[in-house]
Amino acid sequence: MAEYLASIFGTEKDKVNCSFYFKIGACRHGDRCSRIHNKPTFSQTIVLQNLYVNPQNSTKTADVFQMNHVSDEEMQEHYDNFFEDVFVECEDKYGEIEEMNVCDNLGDHLVGNVYIKFRREEDAEKAVNDLNNRWFGGRPIYAELSPVTDFREACCRQYEVGECTRSGFCNFMHLKPISRELRRYLYSRRRRAGIGGGKTPSPSREKGRRRSRSRERGDSNKRRRERSRSRDRGGRKRNVLEGNQNQ
């Protein structure tokens with residue numbers, strides 16, 4: 001009997017423990033769930049609940065972004081900057097990160113959840129204790145240890161192949177991807193630091209600086225064109241006045 005109970009623990013056959021909480025560290029029923037949420041006392045993984053606010057999903061900022069006609073590239077840059085800020089600070093302050101993922105779901109129990117898997121359980125515990133006393137983006141951070149260790153089991157397989165019919169309200173994780181350049185940069189930081197100790201500029205920051213310089217050049221060219229047109233208009237006006245005086 002004990003072997004059977006152990007074999008079904010955390011599966012849909014388990015009528016006592018919540019299989020969703022065991023797999024994804026969150027449950028749409030929350031505290032009202034009829035099954036037990038076994039919260040771990042130690043784990044490599046932590047979850048920062050609802051930390052990422054996607055501007056496209058936020059009613060407060062969605063209209064602003066649409067009005068400004070923000071491109072997909074700029075939206076990706078916005079997300080990459082958020083991801084890099086959280087990853088770098090947590091790794092530098094608490095310890096090496098094996099994996100970090102952000103949910104793109106719309107359900108209240110998953111929206112904006114950030115899962116960070118550290119290499120050591122002690123680092124995860126230290127991060128939870130510290131982060132619960134901090135704020136991010138004007139909101140308090142809610143951090144806790146998570147039972148998730150294998151994100152392949154927690155992710156929606158249909159979403160990965162573009163076939164999920166539940167869209168953002170799926171109960172399995174829809175992970176929001178970062179750019180390839182940023183992934184290479186972040187997950188090789190420790191190795192680079194160990195070899196050369198030098199800092200490589202972040203691709204997302206470099207891209208932002210390039211776009212900023214491009215905008216500045218565009219604004220400068222626009223001002224030059226306006227000054228040139230103004231001079232032309234002034235010159236034509238003087239010619240007309242001189243012609244009238246000669247008559």
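Reader: How many helices and strands does the protein have?
Author: This is a predicted model. Its secondary structure counts 10 helices and six strands.

Reader: In what order do the four strands of the open sheet lie?
Author: Strands of a sheet pair through backbone hydrogen bonds, either parallel or antiparallel. In this open sheet the pairing is antiparallel. The four strands follow the order 2-3-1-6.

Reader: Which strands stand at the edges of the sheet?
Author: An edge strand here has a single partner strand, so one of its sides is left without a neighbour in the sheet. That holds for strand 2 (97-102) and strand 6 (143-146).

Reader: Which residue is the bridge partner of valine 47 in strand 6?
Author: Strand 1 covers residues 45-48. It pairs with strand 6 in the antiparallel sense, over four bridges. In strand 6, valine 47 has as its bridge partner glutamate 144.

Reader: At about what angle does helix 4 run to strand 2?
Author: Helix 4 spans residues 72-94. It lies across strand 1, strand 2 and strand 3 (114-118). Its angle to strand 2 is about 150 degrees.

Reader: Which residues lie nearest the centre of the largest pocket?
Author: The largest pocket has a volume of about 320 Å³. Its lining has 16 residues. By class, four are nonpolar, seven polar and five charged. Nearest the centre lie Ala26, Cys27, Gly30, Gln49 and His109.

Reader: What percentage of the 247 residues is buried?
Author: Buried means under 20% relative accessible area. Among the 247 residues of the protein, the buried share is 36%.

Technical notes. Residues numbered from 1 in each chain as written. Predicted model: local features only at pLDDT ≥ 70, side-chain atom pairs only at ≥ 80, totals over all residues. Heavy atoms only, no water. Pairing = 2+ DSSP bridges. Helix = DSSP H or I, 4+ residues; strand = E, 2+ residues; numbered from the N terminus. Contact = heavy atoms within 4.5 Å. Axes fitted to C-alpha atoms, helices over the stretch in contact; angles between N-to-C directions. 1 Å grid on protein atoms, 1.4 Å probe; cavity = no way out; pocket = protein on both sides within 12 Å on 5 of 7 lines; lining within 4 Å. Points joined across faces, edges and corners; volume = space filled by probe spheres on them. Nonpolar A, V, L, I, M, F, W, Y, C, P; charged D, E, K, R; others polar. Buried < 20%, exposed > 50% of the residue type's maximum accessible area, 1.4 Å probe, protein only.
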